[in-house]
Amino acid sequence: RAQEENDQVAPPQTCYEWTGSACSWEPNLQSMQVSFAKNGPTETFYAYVDPDVSTYYNNETTGSSSIQQGNAHPAKPRFTGMFGKFINLSSEPIRVWYQANKGAELSYTADIEPFGSSGTATYVGH
């Protein structure tokens, strides 16, 4: 049927409508209700909810009975960096350089083709 301009299409409300499957493949994908606009309609979206750390371990393979729900905790990494991505939106290639601080020598990072991208590890203040 043809849609008229004023007809509004309802947003997907079930995992099947969002992904085309029942989402039983990922039990930690949970439905959540949210309103994306002030006084707007409530919509359903799906977000990954981290499971208890103990669910990552099979006690039979680790040979340990000490890894039980609630007594294992995620490790806090010492490196809390992030990924920096450079995207060349020009029609000319570019060369990316890094300078650690004023006066320091430039350090080659990447050549990026037109409409290409490159990335590197970085951290806040870098």
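In what order do the elements of the chain run from the N terminus on? The order is α-β-β-α-β-β-β-β. That makes 2 helices and 6 strands in the chain. The model is predicted. Of the chain's 126 residues, 14% count as buried. Contacts between residues at least 6 apart in sequence tell part of the story: 35% of them join residues at least 24 apart.

**The largest pocket**

- The largest pocket holds about 160 Å³ of space.
- Four strands each supply at least two residues of its lining: strand 3 (82-87), strand 4 (94-99), strand 5 (106-112) and strand 6 (117-122).
- Which residues line the largest pocket? The lining consists of Gly 84, Phe 86, Val 96, Trp 97, Tyr 98, Ser 107, Thr 109, Thr 120, Ala 121, Thr 122 and His 126.
- By class, 5 of the lining residues are nonpolar and 6 are polar. No charged residues take part in the lining.

**Thr 122, a residue of the lining**

- Thr 122 belongs to strand 6, and its name also appears in the lining of the largest pocket.
- Is Thr 122 buried or exposed? Its relative accessible area is 15%, so Thr 122 is buried, the cut-off being under 20%.
- Leaving aside residues up to four places away in sequence, Thr 122 touches Phe 79, Gly 81, Met 82, Phe 83 and Gly 84.
- One of these partners, Gly 84, is itself listed in the pocket lining.

**Asn 88, a buried loop residue**

- Asn 88 sits in the loop between strand 3 and strand 4.
- Why does Asn 88 count as buried? Its relative accessibility is 3%, and buried means under 20%, so Asn 88 counts as buried.
- The side chain of Asn 88 makes a polar contact with the side chain of Ser 90, at 2.7 Å.
- That side chain of Asn 88 also reaches two backbone oxygens. The oxygen of Ile 112 is at 3.2 Å, and the oxygen of Glu 113 is at 3.3 Å.
- Again leaving aside residues up to four places away in sequence, Asn 88 touches Pro 93, Ile 94, Ile 112, Glu 113, Pro 114, Phe 115 and Gly 116.
- Asn 88 and Ser 117 are 29 residues apart along the chain, yet 6.0 Å separates their C-alpha atoms.

**The aromatic pair**

- How many aromatic pairs does the structure hold? There is 1 aromatic pair.
- Trp 97 and Tyr 108 form this pair. Their ring centres are 5.8 Å apart, and the angle between the planes is 80 degrees.
- Planes over 60 degrees apart count as edge-to-face, so the pair of Trp 97 and Tyr 108 is edge-to-face.
- The pair links distant parts of the chain. Trp 97 lies in strand 4 and Tyr 108 in strand 5, 11 residues apart.
- How accessible are the two partners? Trp 97 has a relative accessibility of 44% and counts as partly exposed. Tyr 108, with a relative accessible area of 43%, is partly exposed.
- Trp 97 also appears among the residues that line the largest pocket.

**Positive phi in two loop residues**

- Where is Asn 39? Asn 39 lies in the loop between strand 1 (29-34) and strand 2 (43-48).
- Phi of Asn 39 is positive, near 60 degrees, in a residue other than glycine.
- Asn 39 has 75% relative accessibility, and exposed means over 50%, so Asn 39 counts as exposed.
- Phe 115 is found in the loop between strand 5 and strand 6.
- Phe 115 is not a glycine, but its phi is positive, at about 60 degrees.
- Is Phe 115 buried or exposed? Phe 115 is exposed, with a relative accessible area of 59%.
- Phe 115 is also one of the residues that Asn 88 touches. In that contact Phe 115 is exposed, whereas Asn 88 is buried.

Definitions and conventions. Residues numbered from 1 in each chain as written. Predicted model: local features only at pLDDT ≥ 70, side-chain atom pairs only at ≥ 80, totals over all residues. Heavy atoms only, no water. 1 Å grid on protein atoms, 1.4 Å probe; cavity = no way out; pocket = protein on both sides within 12 Å on 5 of 7 lines; lining within 4 Å. Points joined across faces, edges and corners; volume = space filled by probe spheres on them. Nonpolar A, V, L, I, M, F, W, Y, C, P; charged D, E, K, R; others polar. Buried < 20%, exposed > 50% of the residue type's maximum accessible area, 1.4 Å probe, protein only. Contact = heavy atoms within 4.5 Å. Polar contact = N/O pair within 3.5 Å; in protein donor to acceptor, adjacent residues only side chain to side chain. Phe/Tyr/Trp six-rings, centres within 6.5 Å; stacked < 30°, edge-to-face > 60°.
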